[in-house]
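Here's a quick walk through a fold, from the whole chain down to single side chains. Keep the viewer open and follow along.

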Amino acid sequence: MEIVTTNKIDHNKPDLLIHDSKINEITLIEIGITNKDLLPRTETTKGRKYDLLGNELKLLHKGVKIRAVPVVITWDALVTKFFKKHLSLLGISLIGQAYIQYKILKKNVGIYLDWCKGWLWRRYW
């Protein structure tokens with residue numbers, strides 16, 4: 001969903017937006033799945049992607065605190081050293097973080113095995 005602002009902003013569709021009116025905070029969450037060669041660059045890019053949107057939201061909602069949290073992981077469940085920090089900002093425990101990595105790894109292994117079955121089927125039958 002596009003966030004309506006007074007100025008035109010290119011990056012105005014974060015993956016998740018949480019507006020907590022009790023503590024007067026907006027959290028912009030950007031999720032990314034990438035390969036291990038691009039992991040650090042993707043995390044940096046996604047972290048800075050919403051700086052302009054955050055500044056615009058500060059102008060629209062006076063006194064609100066803005067946080068942009070990138071959650072970036074590779075196809076084979078590798079993460080950077082900042083992954084733990086980013087997820088702890090969201091209140092996700094170490095067990096939750098391990099579960100996220102497990103689910104991504106399990107899904108991608110399943111996709112790979114399905115591909116291998118299809119390849120073997122086409123090659124030998």
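## The big picture

Among contacts with a separation of 6 or more, 59% join residues 24 or more positions apart. Keep in mind that what you're looking at is a predicted model. The protein has four helices and three strands, and they come in the pattern β-β-α-α-β-α-α when you read along the sequence.

How spread out is the protein next to a compact globule? Its radius of gyration is 18 Å, whereas the globule rule gives 14 Å for 125 residues, so the protein is more spread out than a compact globule. Along the principal axes, the C-alpha atoms fill a box of roughly 65 × 35 × 25 Å. Of the 125 residues, 32% count as buried. The exposed surface comes to about 9000 Å², and carbon and sulfur atoms supply 60% of that.

## The sheet

Now for the strands. They make an open sheet of three, in the order 1-2-3, with mixed pairing. Strand 1 (16-20) and strand 3 (65-74) sit at the edges, each pairing on one side only. From one strand to the next, the twist averages 15°.

The two pairings run in opposite senses, so to speak: strand 1 and strand 2 are antiparallel over five bridges, while strand 2 (residues 25-34) and strand 3 are parallel over 10 bridges. In the antiparallel pair, H19 stands opposite I26 in strand 2. In the parallel pair, L28 faces A68 in strand 3 as its opposite number. Helix 1 (residues 39-48) packs on the sheet and touches strand 2 and strand 3, with its direction at about 160° to that of strand 3.

Strand 1 and strand 2 also form a hairpin, with four residues between them. Look in the turn for N24, which has a positive phi of about 55°.

## The cores

Which residues make up the largest nonpolar core? There are nine: I3, I9, I26, L28, Y50, L53, L57, V64 and I66. Strand 2 and helix 2 (51-60) are the elements that give two or more residues to this core. Another core, of eight residues, lies apart from it and has V71, A77, L87 and I104 among its members. As a rule, nonpolar side chains in soluble globular proteins tend to be buried together.

I26 is a good residue to click on. Leaving out residues up to four places away in sequence, I26 touches L17, I18, H19, L57, H61, V64, K65, I66 and R67.

## Two residues to zoom in on

R67 belongs to strand 3. Setting aside residues up to four places away in sequence, R67 touches E25, I26, T27, L28 and L89. One of these partners, L28, is 39 residues from R67 in sequence, but the two are 6.1 Å apart in space, C-alpha to C-alpha.

H86 sits in helix 3 (residues 83-89). Is H86 buried or exposed? At 11% relative accessibility, H86 counts as buried, because the cut-off for buried is under 20%. Beyond its neighbours within four places in sequence, H86 is in contact with E43, V69 and P70.

Note on methods
Residues are numbered from 1 along each chain as its sequence is written. This is a predicted model: local features need pLDDT of at least 70, side-chain atom pairs count only at pLDDT 80 or more; totals for chains, interfaces and linings use all residues. Side-chain values use heavy atoms; hydrogens and water are left out. Two strands pair if DSSP finds at least two bridges between them. Axes are lines fitted to C-alpha atoms, for helices over the stretch in contact, and angles run from 0 to 180 degrees between N-to-C directions. Contact means heavy atoms within 4.5 Å. A nonpolar core is a set of buried Ala, Val, Leu, Ile, Met, Phe, Trp, Tyr and Cys residues joined through side-chain atoms within 4.5 Å. Buried means under 20% relative accessible area, exposed over 50%, partly exposed in between (1.4 Å probe, protein chains only). The radius of gyration is taken over C-alpha atoms; the globule rule is 2.2 Å times the number of residues to the power 0.38. Accessible areas come from the Shrake-Rupley method with a 1.4 Å probe; for residues, only the protein chains shown count as cover.
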